[in-house]
Amino acid sequence: MLILDEGTAKVYALADNGKEKIIDLLHTGDVVGQRWLFAPHENQGYIQATSDAWVCSIQYADFQQLLGESANLSLAMINNFGNQLIEVEKNQMRRDLLDAKDRLMAYLRDVAVESGQVVFELPLKKKELANILGITPETFSRQFKQLALEGKIIVNNRQITMC
């Protein structure tokens, strides 16, 4: 299990043809790999820092011992899993119910809420964000420009202002 103490990272999988699929974006304080602490198995994904980062890690046996000693840790892990499930369900519903422009706008609103600011920098390259949203980079660019034309966002290089 890894805890991102500082920075940002992406979690991704690679297809046999080398195509990358971004599974999650990690920010300071996020945890990844918890499932390996409950039932060790082969890792099927990769993690790559997208900015300077510091990580903490813990091995299966050490974690199992801690879990037995701390009810607070057990509760925190359950809450963390619950939050991850909520995010997965939210993203799946967006992919199933929203068109590309609405999906992009919902994502930008989430970033603004998480940052606590209406002005923020895109956390990843546009190509990677398109991957996360399940749209092509071309569609991402068209919808991004459309949101700007509609006055819903102001774009200044990687800086976004929500209107």
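In this predicted model, E128 is placed in helix 5, and because its relative accessibility is 14%, below the 20% limit, the residue counts as buried. When residues up to four places away in sequence are left aside, the contacts of E128 are with K10, E20 and I22. Of these partners, K10 falls within the range of strand 2, residues 9-14, whereas E20 and I22 fall within that of strand 3, residues 20-26.

The helix that carries E128, helix 5, spans residues 126-133 and is mostly covered, with six of its eight residues buried. The buried set consists of E128, L129, A130, N131, I132 and L133. The cover over these buried residues includes two strands, strand 2 and strand 3, together with helix 3 (71-97), helix 4 (100-115) and helix 6 (137-149). Just after helix 5, the backbone at G134 adopts a positive phi of about 75°.

The two strands that contribute to this cover, strand 2 and strand 3, are themselves paired in the antiparallel sense, and their pairing runs over six bridges. Within this pairing, Y12 stands opposite I22 of strand 3, while L14 is set opposite E20 of that strand; both I22 and E20 are touched by E128. The hairpin formed by strand 2 and strand 3 has five residues between the strands, and in this hairpin G18 takes a positive phi near 90°.

Strand 2 also pairs with strand 5, residues 46-49, again in the antiparallel sense, and four bridges are found between strand 2 and strand 5. Here Y12 stands opposite Y46 of strand 5, so that Y12 has I22 of strand 3 as one opposite residue and Y46 of strand 5 as another. The resulting arrangement is an open sheet of three strands in the order 3-2-5, with antiparallel pairing. Its edges are formed by strand 3 and strand 5, each of which pairs on one side only, and the twist from one strand to the next averages 30°.

Helix 3, which is among the elements covering the buried residues of helix 5, also packs against helix 2 (residues 60-69), at an angle of about 110° and with the two axes 5 Å apart. Because angles of 65 to 115 degrees count as roughly perpendicular, helix 2 is described as roughly perpendicular to helix 3. On the side of helix 2 the contact is made by F63, L66, L67 and E69, and on the side of helix 3 by A71, L73, S74 and M77. By residue class, the contact of helix 2 with helix 3 comprises six nonpolar residues, one polar residue and one charged residue.

Methods
Residues are numbered from 1 along each chain as its sequence is written. This is a predicted model: local features need pLDDT of at least 70, side-chain atom pairs count only at pLDDT 80 or more; totals for chains, interfaces and linings use all residues. Side-chain values use heavy atoms; hydrogens and water are left out. Two strands pair if DSSP finds at least two bridges between them. Axes are lines fitted to C-alpha atoms, for helices over the stretch in contact, and angles run from 0 to 180 degrees between N-to-C directions. Buried means under 20% relative accessible area, exposed over 50%, partly exposed in between (1.4 Å probe, protein chains only). Contact means heavy atoms within 4.5 Å. Angles under 35 degrees count as roughly parallel, over 145 as roughly antiparallel, 65 to 115 as roughly perpendicular and the rest as oblique. Ala, Val, Leu, Ile, Met, Phe, Trp, Tyr, Cys and Pro count as nonpolar, Asp, Glu, Lys and Arg as charged, and the others, Gly among them, as polar.
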